[in-house]
Structures are given as structure tokens and as C-alpha cells.
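Reader: Hi! I'm in my first year and still learning to read protein models. Could you take one part of this one and walk me through it slowly?

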Amino acid sequence: MALKEFFKKALYDLEKNSAGTPYVMSRLKTSELIRDNDRLSLSRFGDGEFGMVIGCGDLGFQPYSQSLHDALTEVLKNGVKTANLSVCIPGVFRSVDEMKPNAASFWMNWCLHSKKKLAPYFAPGYEYGDTNVSRLYLPWKDVSYERQIIDNIKNAWFGKTVVIAEGRQTRFGVGNDLLGGAKSISRILCPEKNAWEKHGEILRECEKYPSDGSVVFVLALGPTATVLSYELAKKGYRALDLGHMDLQYEYMLRNADKKCIIPGKYNNEVADGDKVADCRDEEYINSITAVIG
């Protein structure tokens with residue numbers, strides 16, 4: 001370990017063990033929570049969502065707005081009190097030891113710069129889920145649990161109607177078996193950039209479906225999904241904010257060692273990842289029930 005990284009790790013360990021550190025369960029336990037609680041929703045905060053909370057500015061695909069800041073803050077404040085909702089934050093508040101060096105370095109930097117600013121938003125005694133439950137494979141040194149995590153999450157929609165609210169070119173589960181076991185699949189296509197602007201329309205479209213437990217929403221819409229999952233949970237729906245899961249699963253299937261373009265799928269984290277060809281898969285086309293924006 002280079003001297004710079006050694007000192008960074010020492011500072012990180014001091015910060016991690018200081019007062020105000022939230023408790024975050026493991027990725028595996030988070031996936032088991034999804035598997036074992038058939039009405040549980042998931043609302044995830046990553047560095048981007050937290051950046052919106054503490055006023056760090058835009059994401060590449062989502063401009064900052066006061067209304068989004070306020071909505072995310074409400075989820076942090078009231079989501080922990082909401083029945084059948086797990087608020088998820090990065091497990092890096094617990095440890096980065098399971099991560100590959102580049103990922104660990106990024107998250108140590110983030111934690112050192114952000115933890116004190118975020119501490120007032122955390123609920124003492126609350127057991128947060130791990131946001132990285134859907135960040136499969138690529139960041140981790142030991143990937144022996146990835147298949148178990150995937151199977152646990154897939155159990156949530158076994159025999160259920162899956163409604164996916166996603167960016168227009170995200171195409172969650174297209175070309176792989178992530179949605180295997182679902183009774184049926186419907187898609188609400190939303191803007192791949194600034195989905196928050198259409199947040200009200202997306203929510204109203206979701207509310208057209210029954211809230212009797214027969215439907216599971218899968219959301220892949222950045223910070224908008226964090227808020228939507230909370231709002232839908234309050235209305236009795238099951239909504240799983242699973243952004244990044246599909247791309248990470250594709251990396252896993254390819255044994256990729258870094259982020260890369262996945263043909264036919266939008267990827268805001270790689271160069272030219274927004275240059276996506278049309279999808280002519282008939283099953284995918286037939287699953288589209290609404291297009292917003």
C-alpha cells in the first residue's frame with residue numbers, strides 16, 4: 001500500500017469509528033431481507049443522492065433542484081419510520097475491506113469528505129440496508145456471494161407481475177435472466193436524463209397497478225427511484241430501487257474487470273455510454289405499457 005493510501009486508510013478508520021457512524025448491514029443480509037419480507041420496499045442512497053442532500057450539485061444525468069433535495073431529505077427523515085421500507089446507504093460506513101483498491105480508495109475519500117455533513121441525517125439505532133446490494137461483482141474482491149445475492153433478490157418477483165420504471169434505454173433484464181421467474185413484465189419508459197422533472201407523471205402511472213401484493217415495481221431512475229420507492233411503499237406497494245443491478249450483472253456474465261459498454265443499454269458511467277442502438281427484441285417491445293416524456 002502506497003504511503004498516501006496508508007494515511008488515507010488510517011484517517012478513514014478514525015472517522016469510521018467516531019461518533020455518529022450509522023449501522024449498515026451487509027449486502028448479503030440486505031438481500032436476505034428482500035427475500036424474506038414479501039412486502040418490503042427498498043430506497044437507496046449512494047454518493048449521488050447524498051450529494052443532492054448536502055448540496056453538492058448536479059449529477060451527469062440529473063440536475064440538482066430544491067424539490068429533489070427536499071424529497072430526498074424527507075426520505076432520509078421519514079423513510080426510517082415507514083413500515084415495509086428499508087432505507088439503504090453505502091456499507092462503506094462499516095468497512096471498505098471487501099472492496100478492490102480503486103473502489104476502496106474512492107469510498108474512503110467520499111466518507112472522509114461527507115460523513116460529518118451527513119451525520120445529522122442518520123437515525124440513531126436504525127439498521128440501514130446496504131445500497132451496494134445492487135452494485136454487484138465489479139467492486140468486490142470476493143465475488144463468491146454474488147450469485148446468492150442475485151437469487152435472493154430475484155425471489156422478490158418470482159410468480160409476480162414485475163413493473164419496471166426505468167430510463168428509456170436502460171432495458172433492465174433484457175438479454176439476461178435477471179427477470180426469470182416473473183409471471184409477467186411491464187415497462188414504464190421514462191427520461192434517461194432529468195427523470196425528476198416527470199416524477200409526478202411516473203408516480204401516477206405506477207398507481208394504476210393494484211397494491212394487493214401481486215405487483216413488484218423495479219425502479220432504475222437514479223435519485224428519482226429513491227423517492228418513488230418511498231412514496232410507493234407508503235401507498236402499500238412493493239418497490240425495489242435496484243439501479244445499476246442490470247449493468248453490474250452484465251459485467252459479471254462477461255467476467256469484465258472494469259466498467260464497459262453493454263450493447264443496447266444506456267450506461268452513464270462510461271464514455272459513449274449514451275450512444276445506444278434501438279432495441280428490436282419483440283418481447284421487450286411488447287412489454288412497454290407507457291412512455292413518459
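**A close look at the aromatic rings and their surroundings**

Author: N255 is exposed, with a relative accessible area of 61%. That is a handy place to start in this predicted model, since it gives us a contrast for what follows. N255 sits in the loop between α9 (245-253) and α10 (282-287). Its backbone has a positive phi of about 55 degrees, although N255 is not a glycine.

Now turn to Y137, which also has a positive phi, of about 65 degrees, and is not a glycine either. Y137 belongs to the loop between β4 and α6 (146-154). Unlike N255, which is exposed, Y137 is buried, with a relative accessible area of 13%. The ring of Y137 has a charged visitor: the charged end of K100 sits over it, 5.9 Å from the ring centre.

A second ring has a charge over it as well. Here the charged end of R27 sits over W140, 4.1 Å from the centre of the ring. R27 leads us into helix α2 (residues 27-36), where the buried residues are R27, L28, T30, S31 and I34. Looking down the axis of α2, you would find these buried residues within an arc of 160 degrees, so they line one face of the helix. What do they pack against? The buried residues of α2 pack against β2, β3, β4, α6 and β8 (238-241).

Let's follow one of those partners, strand β2 (residues 41-44). Both of its faces are covered: S41 and S43 are buried on one side, and L42 and R44 are buried on the other. This fits a general pattern: in a regular strand, side chains alternate between the two faces of the sheet. Strand β2 pairs with β3 (residues 85-89) in the parallel sense, over 4 bridges. One bridge to find on your screen joins S41 to L85 in β3.

Next come the rings that meet each other. A search of the whole structure finds 12 aromatic pairs. One of them is F50 with F122, an edge-to-face pair with 6.0 Å from centre to centre and 90 degrees between the planes. F50 lies in helix α3 (residues 47-53), while F122 lies in the loop between α5 (101-118) and β4 (127-130), so the pair ties together parts that are 72 residues apart in sequence. Both F50 and F122 are buried.

Compare that with W107 and W110. Their ring centres are 5.3 Å apart and their planes meet at 80 degrees, so this pair is edge-to-face too. These two residues both lie in helix α5, 3 residues apart, which is about one turn of the helix. W107 and W110 are also buried.

Both pairs belong to one aromatic cluster, formed by F45, F50, F93, F106, W107, W110, F122, Y126 and Y128. Try colouring those nine residues together to see the group at once.

One last helix rounds off the tour. In α7 (residues 199-206), H199, I202, L203, E205 and C206 are buried. Seen down the axis of α7, they fall within an arc of 160 degrees, so they line one face of this helix. They pack against β5 (161-167), β6 (184-190), β7 (215-220), α8 (223-234) and β9 (288-291).

Notes
Residues are numbered from 1 along each chain as its sequence is written. This is a predicted model: local features need pLDDT of at least 70, side-chain atom pairs count only at pLDDT 80 or more; totals for chains, interfaces and linings use all residues. Side-chain values use heavy atoms; hydrogens and water are left out. Rings of Phe, Tyr and Trp (its six-membered ring) pair if their centres lie within 6.5 Å; planes under 30 degrees apart count as stacked, over 60 as edge-to-face and the rest as tilted. Buried means under 20% relative accessible area, exposed over 50%, partly exposed in between (1.4 Å probe, protein chains only). A charge sits over a ring if NZ of Lys or CZ of Arg is within 6 Å of the ring centre and within 35 degrees of the ring normal. Two strands pair if DSSP finds at least two bridges between them. The arc is that of the directions from the helix axis to the C-beta atoms. Contact means heavy atoms within 4.5 Å.
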